[in-house]
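Please look over the structure shown here before reading on. The report that follows takes up one helix contact, then the chain around it, and lastly some local details.

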Amino acid sequence: MEYSLTGATWFWLLVPMLATVVLSIVTCKPSKSEIVTTNNVASNSEGRG
Amino acid sequence: MDGAVLTTFIVYLIGMLAIGVIAYRLTSNLSDYVLGGRRLGPGVAALSAGASDMSSWLLLGLPGAVYIAGGMNQIWIAVGLAVGAYLNWQFVAGRLRSYTEVANDSITIPDFFENRFKDSSKLLRVISALVILLFFTFYTSSGMVGGAKLFEASFGFTYNQALWIGAIVIISYTFLGGFLAVSWTDFIQGILMFLALIIVPIVAISELGGWGSTVNTVGNLDPAYLDAFTGMTAIGIISLLAWGLGYFGQPHIISRFMALRSVKDVPKARLIGMVWMVFALFGAIFTGFAGISYFADSPLPDGEQVFILFTQVLFNPWVSGILLAAILAAIMSTIDSQLLVSSSAVAEDFYKAILKKDASDKELVWVGRISVGVIALIAILLASNPDSSVLDLVSYAWAGFGAAFGPVIILSLFWKRMNRWGALAGMLTGAITVVIWSKLGTGLYEIVPGFILATIAVFIVSLVTEEPSQEIQDEFEQAKG
């Protein structure tokens, strides 16, 4: 007989834990305001140079 | 003992000592010694937090639980821990890093409580430092017992030889290099633990003929091993998931947040920390699960040895030595962090705050170093009798810290109206509830009532006592950024 983990087991094993990784990836990107600030700083620096 | 395994161990231990000597040269004041001068990068902070958190439980306890107690119904604690750790990184890390700097550059948790609430009575500082000192001395001692027993069984040392060898190495690098040495060694130890927990289950499952074959063997033994709910009650699942609540109050873990170079490093550290933790937990679960199949014909007398036996039967002695060093790494990385937090409680929260307010930086670093030695010696003495009932205290240390400090830390970061009376009430309610509840034998993990009642106590007591001063409220706004 072929066995496999039950669907509920796969769900609870994978979804919550991998969700924490996915959320960490999503929130790791700098926000738009940070990008704008960085760009402004960069262009200001170029201006001064 | 195999020469290759012994050589690997000696190289590993010398490496840890070398890090202690290098960090010694970079440590000049107490902030350097207990917090690394707040200059940890995201990678070191993340892996150091993970390695300090996970003791030998990750390599021995969790695989053993899956092997002994029935397969996949042991996943709940891993789920609870991963979610708790994520929420801690998401909500506590950045705010705590910023608030501890705003609040008079606090370098310990008791220091933060006193500065956050402008508590001139020193009540908050002293009580929280006492809780840290008491629980961590026993916690450290229990870790030493675990390590000594493990190496007594694995390498033929006597119990006392194993106890002293491990203790001397840990004390040496913690004594010399303080937080930087502990963080760097934790970083290396974290990598070692991670690699071991990825390699062992992959090799074991491929030896068994792949995932399908492994599952079939386990299912043939008992199909219940394949289901996360079999043999579990709702209270059992809630209790295991609730371990995640403990993260918000563990001083040796959240001190890594305070030591980050910048708040901007939090997202990257969170990502590194969560990838490390989630895949290490998967590795531990699948190691135990593969063990059910691999050792089906000759069940192990001690299920917690499943990881050790895999390293011995699947790998050559050189690789086996490195993988076994990961267990020592897991034990050492937790003990060193707890020793350091305890020594900072003595140096910063008792010596500097109460005994000698004008103590020089050099003097404080040496008080910290001597405290490491003294606390470690007490822990060794306690550990010299591995059957001492006093070591039972650690069974609720995780819950104790989680319930006593967790709600107080979270609310102190996010609720402006909270005052020092609320903090004191929350801390005492959480600690007392955990101690009493653990004696009741309800089956519900004591952190659940402890955390809930402590949160309620903070709210009620803060609201019925005076509002925080304008200075405290201004500081709160400043920390919000």
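## A long helix and its partner

In this predicted model, the residues B:I75, B:A78, B:L81, B:A82, B:A85, B:Y86, B:W89, B:Q90, B:A93, B:G94 and B:R97 of α5(B) meet B:V266, B:R270, B:G273, B:M274, B:M277, B:V278, B:L281 and B:I285 of α12(B). By class, this contact of α5(B) with α12(B) is made up of 14 nonpolar, three polar and two charged residues. The two helices, of which α12(B) covers residues 266–294, pack at an angle of about 170 degrees, and their axes lie 10 Å apart. Because angles over 145 degrees count as roughly antiparallel, α5(B) is described as roughly antiparallel to α12(B).

## A second contact of the same helix

Helix α5, which spans residues 75–102 of chain B, also packs against helix α10, residues 234–241 of chain B, at an angle of about 40 degrees and with the axes 7 Å apart. That angle makes α5(B) oblique to α10(B). On the side of α5(B) the contact is formed by B:W76, B:I77, B:V79 and B:G80, while α10(B) contributes B:I237, B:L240 and B:L241. Sorted by class, the residues of the contact of α5(B) with α10(B) are six nonpolar and one polar, with no charged residue.

## Chain B as a whole

Chain B holds 19 helices and zero strands. Its radius of gyration is 22 Å, close to the 23 Å that the globule rule gives for 481 residues, so chain B is as compact as a globular protein of that length. Taken along the principal axes, the C-alpha atoms of chain B fill a box of roughly 70 × 50 × 45 Å.

Of the 481 residues in chain B, 60% are buried. When contacts in chain B between residues at least 6 apart in sequence are considered, 84% of them join residues that are at least 24 apart.

## The nonpolar core

In soluble globular proteins, nonpolar side chains tend to be buried together. Here the largest nonpolar core has 185 residues, and those with the most contacts inside it are B:L59, B:M193, B:L281 and B:A326. Helix α8 of chain B, residues 159–207, supplies the largest share of this core, namely 23 residues.

What does B:M193 touch, if residues up to four places away in sequence are not counted? On that basis B:M193 touches B:A51, B:M54, B:L58, B:L59, B:A280, B:A326, B:A329 and B:A330. B:L281, listed among the residues with the most contacts inside the core, is also one of the α12(B) residues that meet α5(B).

## Two residues with positive phi

Most residues other than glycine have a negative phi. B:R38, however, has a phi near 50 degrees, a positive value in a residue other than glycine. B:R38 sits in the loop between α2 (30–35) and α3 (42–53) of chain B, and it is partly exposed, with 18 other C-beta atoms within 10 Å.

B:N104 likewise has a positive phi, near 55 degrees. This residue is found in the loop between α5 and α6 (109–116) of chain B, and B:N104 is partly exposed, with 14 other C-beta atoms within 10 Å.

## Where chain A meets chain B

Between the two chains, 19 residues of chain A are in contact with 23 residues of chain B. The side of chain A that touches chain B comprises, by class, 12 nonpolar, six polar and one charged residues.

Technical notes. Residues numbered from 1 in each chain as written. Chains lettered and ligands numbered in written order. Predicted model: local features only at pLDDT ≥ 70, side-chain atom pairs only at ≥ 80, totals over all residues. Contact = placed C-beta atoms within 7 Å. Nonpolar A, V, L, I, M, F, W, Y, C, P; charged D, E, K, R; others polar. Helix = DSSP H or I, 4+ residues; strand = E, 2+ residues; numbered from the N terminus. Rg over C-alpha atoms; globule rule 2.2 N^0.38 Å. Buried ≥ 20, exposed ≤ 12 C-beta atoms within 10 Å, placed from the backbone. Core = buried A, V, L, I, M, F, W, Y, C linked by C-beta atoms within 7 Å. Axes fitted to C-alpha atoms, helices over the stretch in contact; angles between N-to-C directions. Parallel < 35°, antiparallel > 145°, perpendicular 65-115°, else oblique.
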